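Hi everyone, thanks for making time this morning. I'd like to walk you through one protein model, a piece at a time. Have a look at it first, and then we'll start with a single residue.

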Amino acid sequence: MSATVYPPSMWTDEAINSLTENHKPFHDHKHMEELIEEIRNTFQSMDNGKISPSAYDTAWIARIPSIDDPSQPQFPQTLKWIVCNQLSDGSWEGESFYLPHDRLLITLSCVIALRICKVGEAQVQKGIGFINNQTSLYLDERDYTNLPTGFVILFSSLLKEAQALNLGISYELPFIKKMLAIREAQLIEIDNGALYSLATSVYFSFEGLQEVIDWTKVLNLCSKDGYMSASLASTACVFMHTGDKKCLDFINFVVTICGDYVPCFYPSDLHERLVVIDTVEHLGIGRYFKKEIKHALDYVYRLWNNGGIGRGRYDIIANVNDTSMGFRILRLNGYDVSSEVIKNFQNEKGEFFSFADKTHREVEGMLSLYKCSQIAFPGETIMKEAKIFTQNYLQNLPETKHFNALGREVTGSFGVNFMVDYVLKYGFHQSLPRMEARSYIEGFWHSEQNSWLARTLYRLPYTNNEKYLELAKLDFNTVQSIHQIELQQVHKWWINSGFRKLTFTRERHIEIFFSVAAGTFEPEYGDCRIAFTKVGCLLVVLDDLYDKYSSFEEIMLFNEAFNRWDPNILHYMPEHIKICFLGLYNTINELVEKVRKVQGHDLSEYFKKMWKVQLEAFTKEAEWFKYNYVPRWDEYIDVSTISGGFGITVLTSIHLMGEAITDKILCQIDEKSKVLHLVCLTTRLVNDTKTFKAERECGELASAIECYMRENLISEDESLDHIYGFIQDGLMELNQELFKFIQVPKCFQNFLLNSARLSQLLYMQTDAFNNNIMDKKDMVEKCIFQKFR
């Protein structure tokens, strides 16, 4: 055979050797412990959740007249808060984020509350000045369909109140006239029968519809505690029209807790627990909070509802964002949840929506549902339908740098566009934890941007905390320093083994190390990472020896040397055979000794048996090549899932994760287990989809595509479609099999999952491992070489 010419390594010896000199490991463990403790306290103090003050809702609470003296406010402290929290430009709300329509709605609400209560006239005039200035900037041609849900109804309803109060707003401006006209048209279209049903998004514009509400029916929409879970503003509105004591008690409860303001909704106990868990896991620091995460998830699971969940335990309307996020996180952490809950957000046409009304759609909700759909189990048709629908929705969002133009009726965080790009590009099965953490830190986790939009913008102090980001960066740099030291050890091993003298093989030890470090990154798994890399390198060298360079006679010589397991017989063999055998012999013996120290017994025969099976698979493929043989599909799969090498790589490395492997555990993860078969199968199939054409040109006819095509008498494109289907089915089966790993250490489950994800990433678009590693160069450098400043 003739040797294939591969691109040289992109990382020089000098670059690798200089890592220690140029990169001082970050060892500020004391500061890291302080940050960890602070975040732990956040978990422990979450209780009902905490949301930033909402000037809009606080203004509605301020309107409530005193029970004892209607000429006075029931909650005077809220009026004082409004007076004291006006911004210098005359508007209200947070200074760190700004949306024009958001500020207009909030400011008008505050101005009306102050005028009704006859206080703060100076603030009223400044507020009116802001409103007139801002509305004059809006053009009549504005695309009003991109405004948040309910804005037109709520703002135009406030405008009518302002007009009755003679506030001096310029009602003849095009923007104002347009708002009022749209509202009148929307009022005509409202279905009065559906108005009191939970299945309508009009529920979220409740206080803007006061003139059409039948107040005798409206209390049916409140929770048993008196909360109109659309918002605190809606609850205040209901109370002022009905005098219902439970509504007042709930408002008093929230004001007592918050002091002198209210948030836009309360409580946020479910939403915030899920968001905080999602945040620490995305940032790669979840391992510090295992106990806290378990406690929070137990809380969410106790309140889990087959109809879906809302932001808080009092919510009687479920939303797709919290339900999908909850489903995904619970399932990934081993909780038994049914995908049937997703059907609550699908209409008769098969379309998915954010709330139970089947009409309103939001970007963040669709993104959450898309992420959720990727951890489907076999037979979950609803998950497949959700994935197709949400993927199409997200792919067709207009490109924009502005939050409010992400979709038709958008709510979500400012960073959501970064998330959409990342998730669409990689997805769950093409993403690795370090890669995700790096991207999350760099691209879309910024405290000043981490704001959400309901009626108005709000922030979550428990997640809007720079401490998460600070800890994530320190942790990333610290872990990266450890990885760099390990990489130098691997590099030294590669050179000392003599593999660089081989002209026919690929130098891929850095890429292989990245592959395992990006998934199994935790400091305690260093021996596992090094073993994975060394075994991976051996497989690359021997694959090239058997597949691209040696004659069949030389392959037989190597097999003989292995079977005799004696380096003394090498004196009569070719130099390249000597180098390959000694590299294999010395490395296996080294790993056997390391495993003995961890597992407490000698596994040399077990390892040699695995390598014997591996070499037999290499030999069988060499025979296929020699005789231009295309095997049957089943024959090909039996051999190629072994020759791919993931089985032996995983089974060697997993013995060095620090966990004792009993016979009971081993039978669930060894080469005969279904879960390892699925890892090897999906790896082999995705590899073949990107390599079969190049290999066919070199004379290698055996590939999954070729075998399936010939056996089923179909075209190449049809065969490829089937193979991609097998991959997706295999990944769904893997999801389910890993879910069954109740008595297997969690680190083994994650290791197997990340091994499968690794291959899907490397062969996502091209054969990145062999000829197009430049496609992944930036990824490798960010995970292994570049620290955060």
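**A walk through the model**

Let's begin with Q599, which you'll find in helix α23. Keep in mind as we go that this is a predicted model. Is Q599 buried or exposed? Its relative accessibility is 12%, and the limit for buried is under 20%, so Q599 counts as buried. Which residues does Q599 touch, if we skip those up to four places away in sequence? They are H655, E659, A660 and I661. With I661 we can be more specific: a polar atom of the Q599 side chain lies 2.9 Å from the backbone nitrogen of I661.

Let's stay in that helix for a moment. Helix α23 covers residues 575-599, and it holds both R596 and E593. These two form a salt bridge, with the closest N and O atoms 2.5 Å apart. Why can they be partners? They are three residues apart in the helix, so about one helical turn separates them. R596 is partly exposed, at 36% relative accessible area, and E593 is also partly exposed, at 33%.

Now compare that with another helix, α28, residues 674-697. Here D688 and R684 meet in a salt bridge, 3.1 Å from N to O. They sit four residues apart, again about one helical turn. This time, though, D688 is buried, with a relative accessible area of 1%, and R684 counts as buried too, at 12%.

One more of this kind: in helix α32, residues 777-785, E781 and K777 are four residues apart. Their salt bridge has its closest N and O atoms at 2.6 Å. K777 is partly exposed, with 21% relative accessibility. How many salt bridges does the structure hold? The count is 39. Some are joined up: K693, R696, E706, R710 and E716 are linked in a network.

Next, please find helix α20, residues 509-517. Nine of its nine residues are buried, so the helix is largely enclosed by the rest of the structure. Among the buried ones are H509, F513 and S515. Let's zoom in on S515. Its relative accessibility is just 6%, so it counts as buried. A polar atom of the S515 side chain lies 2.8 Å from the backbone oxygen of E511. Leaving aside neighbours within four places in sequence, S515 is in contact with L432, L758 and L762. And here is a nice one to check on your screen: S515 and C783 are 268 residues apart in sequence, yet their C-alpha atoms are 9.9 Å apart in space.

On to the nonpolar side chains. In soluble globular proteins, such side chains tend to be buried together. In this model, the largest nonpolar core has 260 residues, and those with the most contacts inside it are F155, F558 and W611. Which helix gives the most to this core? That is α21, residues 526-549, with 13 residues. As for W611, the residues it touches beyond four places in sequence include V535, L538, L539 and L542.

Now the rings. A search of the whole structure finds 32 aromatic pairs. In one of them, the ring centres of F253 and Y266 are 5.9 Å apart and the planes are at 70°, so this pair is edge-to-face. F253 lies in helix α11 and Y266 in the loop between α11 and α12, so the pair ties together parts that are 13 residues apart in sequence. F253 is partly exposed at 29%, while Y266 is buried at 5%. W494 and F499 make a tilted pair instead, 5.1 Å centre to centre with 50° between the planes. Both of these are buried: W494 has a relative accessible area of 1%, and F499 is at 1% as well. There is also one aromatic cluster formed by Y546, F558, F562, W565, F581, Y585 and F618.

Last, a word on confidence. The mean pLDDT of the protein chain is 87, and 89% of its residues reach 70 or more. Where should we be careful? Over residues 400-414, pLDDT stays under 50. Where pLDDT is low, the predicted coordinates should not be read in detail.

Thanks for listening, and I'm happy to take questions.

Notes: Residues are numbered from 1 along each chain as its sequence is written. This is a predicted model: local features need pLDDT of at least 70, side-chain atom pairs count only at pLDDT 80 or more; totals for chains, interfaces and linings use all residues. Side-chain values use heavy atoms; hydrogens and water are left out. A salt bridge is a side-chain nitrogen of Lys or Arg within 4 Å of a carboxyl oxygen of Asp or Glu. Helices (H or I, at least four residues) and strands (E, at least two) are DSSP runs, numbered from the N terminus. Buried means under 20% relative accessible area, exposed over 50%, partly exposed in between (1.4 Å probe, protein chains only). pLDDT is the predictor's confidence in each residue, from 0 to 100. Contact means heavy atoms within 4.5 Å. A nonpolar core is a set of buried Ala, Val, Leu, Ile, Met, Phe, Trp, Tyr and Cys residues joined through side-chain atoms within 4.5 Å. A polar contact is a pair of N or O atoms within 3.5 Å; within protein, one must be able to donate a hydrogen and the other to accept it, and residues adjacent in sequence count only if both atoms are side-chain atoms. Rings of Phe, Tyr and Trp (its six-membered ring) pair if their centres lie within 6.5 Å; planes under 30 degrees apart count as stacked, over 60 as edge-to-face and the rest as tilted.
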